[in-house]
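Colleague: Thanks for sitting down with me over this one. Could we put it on the screen and go through it together?

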Amino acid sequence: MSKNKPKIAIILPCYNEEKMLPITFVKIHELLDSLKRDEVISQESFALFVDDGSTDKTWELILLYHSKDENCRGIKLAANAGHQNALMAGMMKVKGLVECCITMDADLQDDLSAIPVMLAHYSQKSEIVYGVRCDRSTDSYFKHKTAAMFYSLMKALGVNLLPNHADFRLVGSNALENLSSFREYNLFLRGIFPSMGFKTATVEYAQLPRLASETKYSLRKMLTLATRGVTMFSPAPLRLSGLLSIFVFIAALIQAGMVIIDYSKGITVPGWASLMVIILFIGSAQLFCNFVMGEYIAMIFSEVKARPRYIIEEET
């Protein structure tokens with residue numbers, strides 16, 4: 001196949017999106033038809049919807065639209081494997097079938113008009129093209145601020161992340177092939193792709209409002225993803241906990257020295273305030289260090305079991 005007209009797959013993970021899918025199907029169908037008509041992509045290009053263990057009629061809708069359009073394909077995961085694993089399932093399913101794939105969320109908050117620009121960068125030999133949000137006005141104040149704090153933290157910890165990039169990206173076949181060699185169970189794709197070293201490009205877009213239903217990315221899921229990003233790509237928290245322990249030890253020595261000096265001067269302390277302060281200080285530092293180490297041990301525990309990331313129950 002010519003790189004001027006690549007065969008592509010648009011991969012859309014879905015979790016309980018029955019309200020949104022009728023809109024998404026139409027928009028994706030129109031986009032593919034337009035790109036094929038303009039001879040930007042191959043006529044064999046298609047969309048792949050990944051049902052991430054939905055409990056509503058998401059899979060039934062995928063089957064319905066597949067019966068109407070063979071370029072609408074789907075795979076159904078047996079259980080909710082999580083957003084990152086659903087993306088991985090889709091990418092591994094199309095590996096070897098297409099020249100590049102584009103991943104995006106089914107809520108269409110990622111601007112479809114950015115896709116032709118991504119394909120233009122791909123035609124200029126960029127193996128990975130990142131969609132970067134230049135306007136997050138549709139986010140809540142809390143989400144906007146916590147996202148900024150997360151990217152600042154990751155930068156401070158030395159993790160190579162692209163700020164304001166979620167999972168809207170184009171991935172070439174070479175990158176897809178190499179992605180299959182990453183065996184970790186706890187995936188953090190936003191950290192994996194920049195670590196590959198391929199030629200990349202960025203496309204800026206304004207995040208769009210959600211057209212139907214509600215976001216499935218709860219605060220708990222965002223915190224889980226953030227923790228995974230830190231523990232899977234940076235040992236800095238472990239080193240930080242060690243430094244904190246040294247700091248607490250020095251503070252305890254200083255406090256002990258002050259008590260000894262006061263005692264030598266005949267100053268007695270009838271209360272226990274100073275003792276309690278230092279005990280609480282040391283105790284809190286120990287608990288913090290245990291928490292950090294516990295997170296890493298939990299990640300190691302899930303990795304060494306080497307269970308499958310997902311199980312495909314059915315596919316069109």
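Colleague: In which sense does α1 pass α2, right-handed or left-handed?

Modeller: Happy to start there, and bear in mind that this is a predicted model. The pair to look at is helix α1 (residues 21–37) and helix α2 (residues 58–68), whose axes lie 11 Å apart. Where α1 passes α2, the crossing is right-handed.

Colleague: How are α1 and α2 oriented, roughly parallel or roughly antiparallel?

Modeller: The two helices pack at an angle of about 30°. Angles under 35 degrees count as roughly parallel. Therefore α1 is, relative to α2, roughly parallel.

Colleague: How many nonpolar residues are there in the contact of α1 with α2?

Modeller: From α1 come Leu 21, Pro 22 and Phe 25, and they meet Thr 58, Leu 61, Ile 62 and Tyr 65 in α2. Sorted by class, the contact has no charged residue and one polar one, and the number of nonpolar residues is six.

Colleague: Moving on, how is α3 set against α7, oblique or roughly parallel?

Modeller: Helix α3 (residues 83–94) packs on α7 with axes 11 Å apart and an angle of about 50°. The roughly parallel class takes angles under 35 degrees, and roughly perpendicular runs from 65 to 115. So α3 is, with respect to α7, oblique.

Colleague: Which residues of α7 make that contact with α3?

Modeller: On the α3 side you'll find Gln 84, Leu 87, Met 88 and Met 91. The contact divides into five nonpolar, one polar and one charged residues. The α7 side is made up of Leu 189, Arg 190 and Phe 193.

Colleague: How many of the residues of α7 are buried?

Modeller: Helix α7 spans residues 189–196 and is mostly covered. Leu 189, Arg 190 and Phe 193 are among its buried residues, and these also take part in the contact with α3. Of the eight residues in α7, the buried ones number seven.

Colleague: Which residue follows α7?

Modeller: Look at the backbone just past the helix, where phi is positive, near 90°. The residue there is Gly 197.

Colleague: Last one: which residue stands opposite Val 203 in β7?

Modeller: Val 203 sits on the covered face of strand β7 (residues 200–206), along with Ala 201 and Tyr 205. Strand β5 (residues 128–135) pairs with β7 in the parallel sense over seven bridges. Opposite Val 203 stands Gly 131.

Key. Residues numbered from 1 in each chain as written. Predicted model: local features only at pLDDT ≥ 70, side-chain atom pairs only at ≥ 80, totals over all residues. Heavy atoms only, no water. Buried < 20%, exposed > 50% of the residue type's maximum accessible area, 1.4 Å probe, protein only. Helix = DSSP H or I, 4+ residues; strand = E, 2+ residues; numbered from the N terminus. Axes fitted to C-alpha atoms, helices over the stretch in contact; angles between N-to-C directions. Parallel < 35°, antiparallel > 145°, perpendicular 65-115°, else oblique. Left-handed = near helix turned anticlockwise from the far one by under 90°. Contact = heavy atoms within 4.5 Å. Nonpolar A, V, L, I, M, F, W, Y, C, P; charged D, E, K, R; others polar. Pairing = 2+ DSSP bridges.
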